[in-house]
Amino acid sequence: GNFVVTVNPLPVITPISSQTICSGQSTIAVTPSSNVNGTTYQWSSVTSANITGNTASGSGSIPSQTLSNSGTTAGTVTYSITPTANNCTGTPLSYTVTVNPIPQVTATPSTATICSGSVTNIQLTSNVNGATFAWTVNAPGSIAGASNGTGNNIQQILTSSSSNTQTVTYTITPSANNCNGTPITVSITVNPGVTLNFSSSPQTV
């Protein structure tokens with residue numbers, strides 16, 4: 001007699017692009033697909049240190065998740081998705097979400113007092129390696145030399161045309177891996193210069 005053997009194909013998951021986000025942001029929901037109609041999916045996730053917010057396991061689509069990184073270096077969540085169709089299990093597919101930390105900025109000094117015509121010297125550092133810094137400045141019209149900029153050090157000659165004490169405020173924003181941190185402010189007090197005025201006329205003695 002004759003008999004029939006049915007050979008079902010193994011489901012193969014369509015490749016899924018990795019994602020990169022900043023700490024506190026949400027991932028894009030992922031809906032797996034394969035070459036076999038009716039495929040079902042089971043998935044699980046594994047995180048590196050300092051990463052929280054992920055769902056450990058589930059079935060079907062992977063929902064959007066808000067992930068946080070409490071460390072100072074990039075962390076990851078790796079998802080492993082297993083396809084099944086007609087009682088045939090395919091090769092699991094992995095894809096990774098990279099979670100970059102939010103940089104913080106420290107200014108040294110955070111406040112300072114200088115004389116008119118002197119140079120500021122504000123050193124900028126961050127908890128995240130490779131962070132960059134940009135600042136905007138708010139200065140009264142009597143102050144010359146204050147300007148917006150970028151870098152690791154704010155060195156500007158501030159000159160006051162006023163006879164009163166003036167304040168210049170720098171607002172500094174850190175950035176690393178396309179993630180912006182919370183801005184901080186640094187206040188510089190500029191004391192006026194001293195001008196000698198002679199009221200007497202030249203004398204001959």
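**Entry 1: the whole chain**

I began with burial and noted that buried residues make up 31% of the 205 residues in the protein. I should say right away that this is a predicted model, so my notes describe a prediction.

Next I looked up the overall dimensions. Along its principal axes, the C-alpha trace spans about 145 × 25 × 20 Å. The radius of gyration is 31 Å, whereas a compact globule of 205 residues would have one near 17 Å.

I then asked myself how many helices and strands the protein has. I found zero helices and 20 strands.

For contacts, I took those with a separation of 6 or more and found that residues 24 or more positions apart account for 59% of them. I also wrote down the surface: the protein exposes about 11,900 Å², and carbon and sulfur atoms supply 49% of that area.

**Entry 2: the cysteines**

How many disulfides does a search of the whole structure find? I got one. Cys22 and Cys179 form this disulfide, with their sulfur atoms 2.0 Å apart. The pair links distant parts of the chain, since Cys22 sits in strand 1 (residues 19–22) and Cys179 in strand 19 (residues 179–180), 157 residues apart.

I checked the handedness too. The torsion about the S-S bond of Cys22 and Cys179 is about -95°, so the disulfide is left-handed.

Are Cys22 and Cys179 buried or exposed? Both of them are buried. I looked at Cys115 as well, and it counts as partly exposed because its relative accessibility is 47%. The cut-offs helped me here: buried means under 20%, exposed means over 50%, and partly exposed is in between.

**Entry 3: Asn69**

I moved on to Asn69, which lies in strand 5 (residues 68–69). Why does Asn69 count as buried? Its relative accessibility is 7%, and the cut-off for buried is under 20%.

I listed what Asn69 touches, leaving out residues up to four places away in sequence. The list holds Ser23, Asn50, Ile51, Ala74, Gly75, Val99, Asn100 and Pro101. I also found a polar atom of the Asn69 side chain 2.8 Å from the backbone nitrogen of Gly71.

**Entry 4: a three-stranded sheet**

Here I wanted to know in what order the three strands of an open sheet stand. The order is 11-17-14, and the pairing is antiparallel. Strand 11 (118–119) and strand 14 (143–144) stand at the edges with a single partner strand each, so one side of each is left without a neighbour in the sheet.

I followed one pairing in detail. Strand 14 pairs with strand 17 (residues 157–160) in the antiparallel sense over two bridges. Which residue of strand 17 is the bridge partner of Ala144? I found Thr159 there.

**Entry 5: Asn164**

Staying with strand 17, I went on to the loop between it and strand 18 (166–176), where Asn164 is found. Asn164 is partly exposed, because its relative accessible area is 49%. Its contacts, not counting residues up to four places away in sequence, are with Val190 and Pro192.

My last lookup was a distance. How far apart in space are Asn164 and Gly53, C-alpha to C-alpha? They are 53 Å apart in space and 111 residues apart in sequence.

How values were computed. Residues numbered from 1 in each chain as written. Predicted model: local features only at pLDDT ≥ 70, side-chain atom pairs only at ≥ 80, totals over all residues. Heavy atoms only, no water. Helix = DSSP H or I, 4+ residues; strand = E, 2+ residues; numbered from the N terminus. Buried < 20%, exposed > 50% of the residue type's maximum accessible area, 1.4 Å probe, protein only. Polar contact = N/O pair within 3.5 Å; in protein donor to acceptor, adjacent residues only side chain to side chain. Contact = heavy atoms within 4.5 Å. Disulfide = S-S within 2.5 Å. Pairing = 2+ DSSP bridges. Rg over C-alpha atoms; globule rule 2.2 N^0.38 Å. Areas by Shrake-Rupley, 256 points an atom, 1.4 Å probe, with all protein chains shown as cover.
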